[in-house]
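Please open the model in your viewer and keep the selection tool at hand. The stops below are meant to be taken in order.

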Amino acid sequence: MLQNAKAYHYLFYIFLFPVFCLAQVSGKVTDEQGSPIIGVNIYIENTYIGTTSNVDGVFNLESSPKEGGVLVFQSLGFKSFKRTLEPREQITDLVVRLIPEAISLDEVIVLKSSEDPAYAIMRKAIAARKSHLERLGSYRADFYSRGLIALDSVPEKILGQEVGDLDGAIDSTRSGILYLSETFSKLSFRQPDDLIENITASKVSGNNSGFSFNMARDVDFNLYRNDISINQSILSPLANGAFGTYTYKYEGDFYDDRGHLINKIKVSPKRENDAAFSGHIYIVEDQWAIYSAELTIRGSQVQIIPLNELTISQSFAFDQERDQWILRTQLLDFDFGLFGFKGGGRFSAVYSNHDFSPNFASSEFGNRILRVDRDANKKDSLFWVANRPIPLTEIESRDYVRKDSIRILRESKPYLDSVDQKNNRFKLGVFLNGYNHNNSFDKQNWGFSGPLRAVHFNTVQGIHLSPDLYYTRQLDEFRRYWRFSTVGNFGLSDKRLRPKARFYYKFNDINRPFLDISLGNEAVSINRNNPIGETMNDIYSAFEKNYLKLFERTFARVVYGQEWSNGLNGSIGLTYEDRKSLFNTTDYVMFPQPRISYTSNNPLDPENNNAALFQQHKLFILAMNFRVIFGQDYLEYPDSKYNVNNGKYPTLLFSAKKGFGASISGYNFGQIQGKINQELNLGRWGDLNYNGFAGRFFDSDQIAFVDYHHFNGNQTVVLNQDSTDESYNLLEYYKLSTNKSYAGFHLEHHFNGFIMNRLPIISKLNWQVLGGLHYLKAANQKPYLEWNIGLENIGFKKLKFLRVDYVQSLYNGQQKNSILFGINF
């Protein structure tokens, strides 16, 4: 029965579909020499039906009107071509040869006037910018997107680790298509910037259950806006104030097929490393609208290290009824390279079937900016053949076929078992890199971390090892899973074994509820935020500076958390702890220092190694944490939800802790805290990050020092760059720890080239300036003030990861100064 149904399905497409379908036109667009022309804007005149040509010049227009019309071919550098379609006309293998456009150079250029004519044209275009932006109004439209990322060269190893074939993406030549995907979407737009997308069809090469990450919002590069965001703000050539960033050159004009005079303007950044485009923009005379644009920016200009260049090509069509130029097609071309990887790609977009008189429901616009239909990835190949506006190239067609066959093979149990058998063998690097044993078919794995990586040193335990073991079971493509892990920490100096175990369960991928249970015994940092990590403490201990201070706890902890509503996340946890003070058990040092010696493990009495930090006690702690992100947008996929912080509003964090049931009554306490933070994009002026916090304790006069509020100090030469975690780069680790009230803030501004790019010669280095101000006030303590100024994006060619800051602090009338180093990725 099922086979008969499938047969009827195919018979419908073969015999009946042509009767009911709209007219079809397909063919190829070339230049006079027969070379294919890429990205030709092809549309039915006075309609919003259109497509574009692929890299082979091939096009396919599936939905031309039954009553006929005029088919227009429009491409930069060529004269527009029109072809009349008869009612219900079906055309295949149409070959269109476009003639180069004759660009006439205005006589005023020959006369070399004092100001290039481009500036007069661009002044009028900039003056009309806001009008064009507002006239776009609200609309609905269909959106088709295709994304392709190809690798031309892939190294066999990186840092000694085999790269492999990237899940079948590359072949024996170490090249291939990494990503190929298509989507069909319904767009709803409302001024000024509300864009809602509903993906109705999605196809990913080699993954029949996956969803494309192509999104209309990610390629919404409206040149009529002042700024365009590609990792950072890029000033549009039509922006207010663009004359301070761009130079313009008039390169001639031509008339389109409707008699519009089109001016060709070359745009270039005034400063080499400014976040600004190079290329051409074509402006319609008198209307001062964009006819088309081809603009390029380098990765170094927008701080995308692997990116070499990215080019945006846009083509507009004239709507006679609205007297307006509407974006029809857009191509996004790029190439990249890093660590031996080289490649490039293209994302193509076609906008069609615009409705400029939409009747939006009151609930249509909200925080959900993307919705993917549950059956979006279930469309068969016949659907894509019948509806795809840009024909597949031969390479793309082969990739779909190849990866579909690979997928079927690679999802089979015999294949997965054979791969697991090979990968599950023990190798020499197991002691450094660890071991992972996969059962891919059953979606489970177990293993352990590299034993050598788990070897550290502190003055309490001496050299200590932390061998671990874990097991993970995926229940639903990693949307639901559980994981069990255990660690056995053993100190060679104190001769103590401290085991602990943890169980974690994630219930779903929508509001992400989780249950986290852990218990055991451990030596843990007095400051639970771990301002100095174990590796950094290893390095400084080798030079007789033991900054890490520890205490012991035997504990049991259970935490439950989830997203309670969009933008509101919260967790509640209960912990039982049996705590003990710890003492130094070794004075071993690798490189003894003449005027330095280890301090005790008690930060309140660093010279007395026998002084206990607190009395042994037992305590219950109830903790609640909530995070509020106002205006949080989100993407809705079948059985998944992905949150997007749009940056318009700050994030608020609230926490409360109650210590109760202590075996020493004075150790009970209460604490509340609030935080606010936000990252503000200020366009060409850079990015401003701010963070403020305040808190206070209740009934806490006699509590243990480990329950004080500790701030993240720093006594190393390595920058703590997180401005949201109460970090201060010259503050001693436990200098201002408090059991009273406290407050502070951080401000840090990254100028992103706004300053350095204006300095001759130095601008070629592409270094960037940043500055910050940091303040802290704890009750009964003098205020602490710190400021920093630094340079980032320092390095060689693409390897620009280094940051250097000069930091100065002021506390209790004393100043400290230091130069600190950091790495940015």
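What follows is a short tour of a predicted model, moving from aromatic rings to charged side chains.

Begin with the aromatic side chains, among which 52 aromatic pairs are counted. Select Tyr547 and Tyr733, whose ring centres lie 5.4 Å apart with the planes at 55°, so this pair is classed as tilted, the term for angles that are neither under 30 degrees nor over 60. Colouring by position helps here, since the pair links distant parts of the chain, 186 residues apart: Tyr547 belongs to the loop between α8 (534–541) and β31 (550–565), whereas Tyr733 belongs to the loop between β38 (687–698) and β39 (742–750). Tyr547 counts as buried at 16% relative accessibility, and Tyr733 is also buried, with a relative accessible area of 5%.

Next, select Tyr179, Phe213, Phe334, Phe336 and Phe347 together, which ring pairs join into a cluster.

Now turn to rings that have a charge over them. The charged end of Arg322 is placed over the ring of Phe356, 3.9 Å from the ring centre, and Arg553 lies over the face of Phe555, at 4.1 Å from the centre of that ring.

The last stop is Asp142, in strand β8 (residues 139–153). Is Asp142 buried or exposed? With 18% relative accessibility, Asp142 counts as buried, because the cut-off is under 20%. Show its neighbours beyond four places in sequence, and you will find Ser185, Lys186, Val350, Tyr351, Ser352 and Asn353 touching Asp142. Among them, Lys186 makes a side-chain polar contact with Asp142 at 2.9 Å, while the side chain of Asn353 makes one with that of Asp142 at 2.7 Å.

How values were computed:
Residues numbered from 1 in each chain as written. Predicted model: local features only at pLDDT ≥ 70, side-chain atom pairs only at ≥ 80, totals over all residues. Heavy atoms only, no water. Phe/Tyr/Trp six-rings, centres within 6.5 Å; stacked < 30°, edge-to-face > 60°. Helix = DSSP H or I, 4+ residues; strand = E, 2+ residues; numbered from the N terminus. Buried < 20%, exposed > 50% of the residue type's maximum accessible area, 1.4 Å probe, protein only. Lys NZ or Arg CZ within 6 Å of the ring centre and 35° of its normal. Contact = heavy atoms within 4.5 Å. Polar contact = N/O pair within 3.5 Å; in protein donor to acceptor, adjacent residues only side chain to side chain.
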